[in-house]
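Got your viewer open? Load the model below and keep the selection box handy.

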Amino acid sequence: MDPVAALSEIAFHLERDRAPQFKVQAFRKAAATIGDWSPDELAARAHDGRLKATKGIGASTFGVIRQALDGDVPERLTKLRAAQSSPLTDGGRALAIQIRGDLHSHSDWSDGTTPIPLMVDAAVSLGREYLALTDHSPHLTVAHGLTAERLTEQLEVVAELDRSTPALRLLTGIEVDILDDGTLDQTPELLDRLDVVVASIHSHLRADRATMTERMLGAVNHPRTSILGHCTGRLVEGSRGTRAPSEFDADRVFGACAENGVAVEINARPERQDPPDDLIATALAAGCLFSIDSDAHAPGQLALLDYGIERAAANGVPAERIITTWPVERLLEWCRR
């Protein structure tokens with residue numbers, strides 16, 4: 001077995017299993033370390049002891065490489081494959097087979113952990129027909145948000161990857177910050193070039209109800225907004241702790257989403273579970289469309305979409321109102337409306 005592929009697949013399974021990031025990165029770092037070596041050079045280094053002494057290669061990763069070089073499927077990978085051979089959740093299976101894509105993902109251009117090609121490869125392995133790359137916008141400096149210049153550069157990279165990946169449509173996009181005045185944190189010219197615009201709030205989440213409502217309405221009424229991302233900003237578990245949901249007038253905001261054809265995101269990340277069930281019901285009653293998205297920051301996290309699918313099904317969201325069940329050409333036509 002190819003050692004780089006073995007290390008990368010182990011990292012994918014660990015991400016899917018929500019393992020601590022340091023464990024995941026040990027395998028990704030090892031894959032990157034040996035990735036430029038020829039098979040003969042790797043074998044020689046493993047044989048004479050240089051590999052074991054290489055920075056970035058630990059006991060676990062060395063064992064995986066050694067077993068792969070011997071022609072075996074590494075024991076660690078065999079165990080992970082056996083443990084993760086089924087979907088992450090039991091619910092929503094009928095809906096899951098109708099899901100075609102994912103419209104919210106991140107790469108190492110902002111705060112994701114891996115290069116874009118690894119995200120694309122993972123999406124292909126999961127059977128996705130399309131994936132939108134939606135790295136952050138400039139205002140979110142803590143997440144290395146993309147300036148207009150960097151986003152312009154990224155669009156060229158995405159176009160080339162899309163051309164070279166016939167199994168998947170890689171869509172251009174952004175998770176754009178909704179600023180305090182309700183405007184979107186990127187130039188209108190660049191927003192017009194993107195396939196998908198996910199508008200989200202990441203700052204001043206404790207503002208009062210009226211302020212938050214007007215701020216969200218500004219974004220929802222913007223003609224280039226495709227999706228309202230993780231609308232309450234809440235955190236219900238995880239390493240970052242918990243955070244109460246933002247307060248806003250859900251009837252007004254979701255009414256505007258329905259009127260403007262902006263989809264409400266069902267964010268699949270277990271630490272978010274956003275919107276809460278009662279707000280999904282409000283958005284349903286308002287006539288909203290929905291987008292079930294992984295908000296993945298690593299390849300294995302693309303599989304977390306299962307959690308969002310289960311929640312959508314449990315809350316009675318019809319498949320025809322979920323834009324990520326649509327064929328890509330219908331989706332793009334809707335986004336360009």
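Here's a walk through the domains, the interface and the sheet.

Keep in mind as you go that this is a predicted model.

**Stop 1: the two domains.** Colour residues 3-84 as domain 1 and residues 93-336 as domain 2, following the domain assignment. Drop a marker at the centre of each, using C-alpha atoms, and you'll get 32 Å between them.

**Stop 2: where they touch.** Now show the residues at the boundary: seven from domain 1 are in contact with 14 from domain 2. Together the two domains bury about 820 Å² there, and carbon and sulfur atoms account for 58% of that. Which three residues supply 59% of the area that domain 1 buries against domain 2? Select Phe12, Glu15 and Arg18: no other three residues give more.

**Stop 3: Arg18.** Stay on Arg18 and add Glu237 as sticks. The two form a salt bridge, with the closest N and O atoms 2.5 Å apart. The count of salt bridges between domain 1 and domain 2 is one. If you're after polar contacts across this interface, there are two residue pairs to find, both at pLDDT 80 or more. For the wider view of domain 1's side, show helices α1 (3-16) and α2 (21-34), the elements that each give two or more residues to the face touching domain 2.

**Stop 4: Glu15.** Next, pick Glu15 and Arg28. This is another salt bridge, and here the closest N and O atoms are 2.9 Å apart. Glu15 sits in helix α1 and Arg28 in helix α2, so the pair ties together parts 13 residues apart in sequence. Want to keep hunting? The structure holds 17 salt bridges.

**Stop 5: the sheet.** Switch to cartoon and look for an open sheet of seven strands, paired in parallel and ordered β1-β2-β3-β4-β5-β6-β7. Select 101-102 (β1) and 290-293 (β7) to see the edges: each has a single partner strand, so one side of each has no neighbour in the sheet. While you're at that edge, bring in helix α13 (residues 305-314), which packs on the sheet and touches β1, β6 (263-267) and β7. Compare directions, and α13 makes about 145° with β7.

**Stop 6: β2 and β3.** Finish by zooming in on residues 130-133 (β2) and 169-177 (β3). These strands run parallel, and four bridges join them. Which residue of β3 stands opposite Leu131? Label Leu170 and you have the partner.

Methods
Residues are numbered from 1 along each chain as its sequence is written. This is a predicted model: local features need pLDDT of at least 70, side-chain atom pairs count only at pLDDT 80 or more; totals for chains, interfaces and linings use all residues. Side-chain values use heavy atoms; hydrogens and water are left out. Two strands pair if DSSP finds at least two bridges between them. Contact means heavy atoms within 4.5 Å. Axes are lines fitted to C-alpha atoms, for helices over the stretch in contact, and angles run from 0 to 180 degrees between N-to-C directions. Domain bounds come from an automatic or database domain assignment. Buried area is the accessible area (1.4 Å probe) that two parts lose on being put together, summed over both. A salt bridge is a side-chain nitrogen of Lys or Arg within 4 Å of a carboxyl oxygen of Asp or Glu. A polar contact is a pair of N or O atoms within 3.5 Å; within protein, one must be able to donate a hydrogen and the other to accept it, and residues adjacent in sequence count only if both atoms are side-chain atoms.
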